[in-house]
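This report goes through the fold, the confidence and a few chosen residues of one chain. The reader may wish to keep the display at hand while following the text.

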Amino acid sequence: MLIIIWVILSITLIGLIFLRTPQNQGLASFSTKSNLLGSPSSAEQFLNNLTIVLMISYFAFAMFLNLAN
């Protein structure tokens with residue numbers, strides 16, 4: 001069960017990191033600055049916090065699974 005959670009967590013982290021748009025790069029930078037769907041800075045801050053929490057959880061699961069074996 002823990003291994004399944006760890007695998008799902010790792011896939012989610014990989015997807016989240018790959019889907020993030022780069023900072024200050026042409027039209028992608030312009031599209032993230034529009035206020036159409038809310039504040040981009042708060043959405044980016046939420047994604048940063050989510051990435052940090054998922055990374056800490058990933059490493060905690062990895063250390064626990066390493067010690068269990």
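A polar contact is here a pair of N or O atoms within 3.5 Å, of which, within protein, one must be able to donate a hydrogen and the other to accept it. In this predicted model, the side chain of Ser 10 reaches the backbone oxygen of Val 7 at a distance of 2.7 Å. A second pair of this kind involves Thr 12, where a polar atom of the side chain lies 2.8 Å from the backbone oxygen of Ile 8.

**Overall architecture and confidence**

The secondary structure of the chain consists of three helices and zero strands, and from the N terminus on the elements follow the order α-α-α. Contacts with a separation of 6 or more are made, to the extent of 82%, by residues that stand 24 or more positions apart. Of the 69 residues of the chain, 12% count as buried, while the chain exposes about 5700 Å², with carbon and sulfur atoms supplying 73% of that area.

The mean pLDDT of the chain is 78, and 71% of its residues reach 70 or more. Among the elements, helix H1 has the highest mean pLDDT, at 88, whereas helix H2, which covers residues 27-32, has the lowest, at 53.

**Residues of helices H1 and H3**

Helix H1 spans residues 2-19 and includes Ile 5; Ser 10 lies in helix H1 as well, and Thr 12 is also found there. Thr 51, by contrast, belongs to helix H3, which covers residues 40-68. The table lists the relative accessible areas of these four residues.

| Residue | Relative accessible area | Class |
|---|---|---|
| Ile 5 | 35% | partly exposed |
| Ser 10 | 18% | buried |
| Thr 12 | 40% | partly exposed |
| Thr 51 | 11% | buried |

Why does Ser 10 count as buried? Its relative accessible area is 18%, and Ser 10 is therefore classed as buried, since the class takes in values under 20%. Thr 51 counts as buried because its relative accessible area, 11%, also falls under 20%.

Leaving aside neighbours within four places in sequence, Thr 51 is in contact with Leu 13, Leu 16 and Arg 20. Thr 12 can be set beside Leu 54: these two residues are 42 residues apart along the chain, and their C-alpha atoms are separated by 8.4 Å.

**A nonpolar surface patch**

Ile 5 returns at the surface, where Met 1, Leu 2, Ile 5 and Phe 64 form a nonpolar patch with about 420 Å² of accessible area together. Ile 5 has a relative accessible area of 35% and is partly exposed, so that its value lies over the 30% required of patch residues.

Technical notes. Residues numbered from 1 in each chain as written. Predicted model: local features only at pLDDT ≥ 70, side-chain atom pairs only at ≥ 80, totals over all residues. Heavy atoms only, no water. Patch = residues over 30% accessible without salt bridge, like charges linked within 9 Å, V, L, I, M, F, W, Y side chains within 5 Å. Areas by Shrake-Rupley, 256 points an atom, 1.4 Å probe, with all protein chains shown as cover. Salt bridge = Lys/Arg side-chain N within 4 Å of Asp/Glu carboxyl O. Helix = DSSP H or I, 4+ residues; strand = E, 2+ residues; numbered from the N terminus. Buried < 20%, exposed > 50% of the residue type's maximum accessible area, 1.4 Å probe, protein only. pLDDT = per-residue confidence, 0-100. Contact = heavy atoms within 4.5 Å.
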